[in-house]
Amino acid sequence: KYASDPDVGPRAGWPVHQSVEGSREVIRKFFLNDSTWAIVLNETEEPIGCIGYFTHDKSNIPIGEQDCEIGYWVGKPYWNQGICTEALQLMLDYCVNVMHFGQIWSDYFTGNPASGRVMEKCGFQDTGKLHPCSHLVGGDKELVKIMRFDKEGQALQLALRVFMEFEAPDYPESGVVEFKRALQSQDYLCQLRFYVATDQGKVV
């Protein structure tokens, strides 16, 4: 339903789906694993996209052996609604606090800056590096921009997790929205100084 839209797949580097059976084969071949999840609407539980991580041996870009790369997409009717941001925040929490990856990476085609804005909202920093990915659809013509979720990003993710667990239940909804907005505002974050405690490389 959504992967057959020509505006969706090529932005993420995969071909437009041509049939239901073709989509089933992609699910069996690429999504049926322990590192890929469906993104579903809370209201209806309808699958509208997916998100997952790649270890260094399957990554589209050069990363360390203890690192991972995250990729995601959602159907066009759900663009610009904060859904990818929410999904990426949940995936980061899993990659940091469950899988304990060293560094977390992501990338996007230079012609798809909206995906980059999602990463920035979640604490990714632009590395300034561009990389060819000729095995991706369109990758022979366009470079991907490499983003890294560093210690600052991990600290922000931990701050959000602690807030949501211990503070948010006593806040009005507007306060929760404002706290999340502040953690996604580069104008606000650039005014802060970060002190990060780590235990064996993990932000604690």
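The following dialogue treats strand pairing and internal cavities in a predicted model.

Colleague: In which sense do strands S4 and S6 pair, and over how many bridges?

Modeller: Two strands count as paired if at least two bridges are found between them. Here, S4 (residues 104-109) and S6 (residues 144-149) pair in the antiparallel sense over six bridges. Within this pairing, Tyr 108 stands opposite Lys 145 in S6.

Colleague: Which residue of S6 is the bridge partner of His 131?

Modeller: That partner is Val 144. The pairing concerned joins S6 to S5 (residues 124-131), also in the antiparallel sense, over five bridges.

Colleague: Turning to the interior, how many cavities of 30 Å³ or more does the structure hold?

Modeller: A cavity is a space where a probe fits but cannot get out. The structure holds two of 30 Å³ or more. The largest encloses about 80 Å³, and the second largest about 40 Å³.

Colleague: Which helix gives the most to the lining of the largest cavity?

Modeller: Helix H5 (151-167) and helix H6 (173-183) each supply at least two lining residues, and H5 gives the most, with four. Among the lining residues are Gly 153, Leu 156, Lys 180 and Leu 183. By character, the lining divides into four nonpolar, five polar and two charged residues.

Colleague: What lines the second largest cavity?

Modeller: Its lining consists of Val 96, Asn 97, Gln 154, Gln 157, Leu 158 and Val 203. Helix H3 (83-97) and H5 each supply at least two of these residues, with the largest share, three residues, coming from H5. This lining has three nonpolar residues, three polar and no charged. Gln 157 also belongs to the lining of the largest cavity.

Conventions:
Residues numbered from 1 in each chain as written. Predicted model: local features only at pLDDT ≥ 70, side-chain atom pairs only at ≥ 80, totals over all residues. Heavy atoms only, no water. 1 Å grid on protein atoms, 1.4 Å probe; cavity = no way out; pocket = protein on both sides within 12 Å on 5 of 7 lines; lining within 4 Å. Points joined across faces, edges and corners; volume = space filled by probe spheres on them. Nonpolar A, V, L, I, M, F, W, Y, C, P; charged D, E, K, R; others polar.
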